[in-house]
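Trainee: I am new to this one and would like to learn how its labels are earned. Could we look at it together?
Mentor: Gladly, let us bring it up and go through it step by step.

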Amino acid sequence: MAVHPEHQKRGLGDAIVKELLRKIKQEAPQDGKPYISLLADGPGRRLYEKNGFVETAPSSIGMVLE
Ligand SMILES: CC(C)(COP(=O)(O)OP(=O)(O)OC[C@H]1O[C@@H](n2cnc3c(N)ncnc32)[C@H](O)[C@@H]1OP(=O)(O)O)[C@@H](O)C(=O)NCCC(=O)NCCS
């Protein structure tokens, strides 16, 4: 996700993450807990941690083939 540099640090990123999480939880099956994963670039880490995300390492790590 990205917020235009002119509009950063006003709470927009936090509002977007919260709305996405609200929507996912709303749409998830009643009897299941959604498994939500993402790859966090540097600037997003604090934002995601603030919204409850935790690092998966060392049990699982992100991988890429370039
Ligand atoms: C990561 C990103 C989306 C965050 O967007 P944002 O709109 O700036 O996010 P927020 O405003 O909700 O929060 C950013 C910071 O501003 C602070 N902030 C929020 N409202 C504020 C206000 N009114 N005044 C001062 N600071 C404020 C937040 O507390 C937060 O500070 P912290 O990082 O020290 O916790 C944005 O930096 C971005 O687009 N980066 C480039 C792309 C990128 O790397 N994305 C991550 C992909 S994983």
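Trainee: Leaving aside neighbours within four places in sequence, which residues is Ile-24 in contact with?
Mentor: Please keep in mind that this is a predicted model. With those sequence neighbours set aside, Ile-24 is in contact with Pro-34 and Ile-36. Ile-24 has its place in helix H1. Between Ile-24 and Ile-36 there are 8.6 Å from C-alpha to C-alpha, and the two are 12 residues apart in sequence.

Trainee: Why does Ile-24 count as partly exposed?
Mentor: Its relative accessibility is 35%. Buried means under 20% and exposed means over 50%, with partly exposed in between. The value for Ile-24 therefore earns the label partly exposed.

Trainee: Why does Asn-51 count as buried?
Mentor: Asn-51 has a relative accessibility of 17%, and the cut-off for buried is under 20%, so the label buried follows. You will find Asn-51 in the segment after H2.

Trainee: What makes the link between the side chains of Asp-14 and Asn-51 a polar contact?
Mentor: The distance is 3.0 Å, and a polar contact needs a pair of N or O atoms within 3.5 Å, so this pair passes on distance. Asp-14 is found in helix H1. The side chain of Asn-51 also makes a polar contact with the side chain of Lys-18, at 2.9 Å.

Trainee: Not counting residues up to four places away in sequence, which residues does Asp-14 touch?
Mentor: On that basis Asp-14 touches Leu-47, Lys-50 and Asn-51. For Asn-51, leaving aside neighbours within four places, the contacts are Asp-14, Val-17, Lys-18 and Leu-21.

Trainee: Which residues make up the largest nonpolar core?
Mentor: The core has 5 residues: Val-17, Leu-21, Leu-47, Tyr-48 and Phe-53. Helices H1 and H2 each supply at least two residues of this core. Val-17 itself is in contact with Met-1, Leu-47, Tyr-48 and Asn-51, again without its neighbours within four places in sequence.

Trainee: Now the ligand. Which residues come nearest to it?
Mentor: There are 19 residues around the ligand, and Val-3, Lys-9, Gly-11, Gly-13 and Asp-14 come nearest. By class, this shell has 9 nonpolar, 4 polar and 6 charged residues.

Trainee: How far is an oxygen atom of the ligand from a polar backbone atom of Val-3?
Mentor: That distance is 2.7 Å. For a polar backbone atom of Lys-9, the distance to an oxygen atom of the ligand is 2.8 Å. A backbone N or O atom of Arg-10 lies 3.1 Å from a ligand oxygen. Taken alone, the ligand exposes 960 Å², of which the protein buries 66%. Helix H1 (12-27) and helix H2 (45-50) are the elements that give two or more residues to the shell, and H2 gives the most, with 4 residues.

Trainee: Why does Lys-9 count as exposed?
Mentor: Its relative accessibility is 87%, and exposed means over 50%, so Lys-9 gets that label. Only the protein chains are used in that test. Lys-9 sits in the segment before H1, and has a positive phi of about 60 degrees although it is not a glycine.

Trainee: Which peptide bond is cis?
Mentor: The bond from Ala-57 to Pro-58 is cis, with omega near 5 degrees. Pro-58 is found in the segment after H2.

How values were computed. Residues numbered from 1 in each chain as written. Predicted model: local features only at pLDDT ≥ 70, side-chain atom pairs only at ≥ 80, totals over all residues. Heavy atoms only, no water. Near = heavy atom within 4 Å. Polar contact = N/O pair within 3.5 Å; in protein donor to acceptor, adjacent residues only side chain to side chain. Areas by Shrake-Rupley, 256 points an atom, 1.4 Å probe, with all protein chains shown as cover. Nonpolar A, V, L, I, M, F, W, Y, C, P; charged D, E, K, R; others polar. Core = buried A, V, L, I, M, F, W, Y, C linked by side-chain atoms within 4.5 Å. Buried < 20%, exposed > 50% of the residue type's maximum accessible area, 1.4 Å probe, protein only. Contact = heavy atoms within 4.5 Å.
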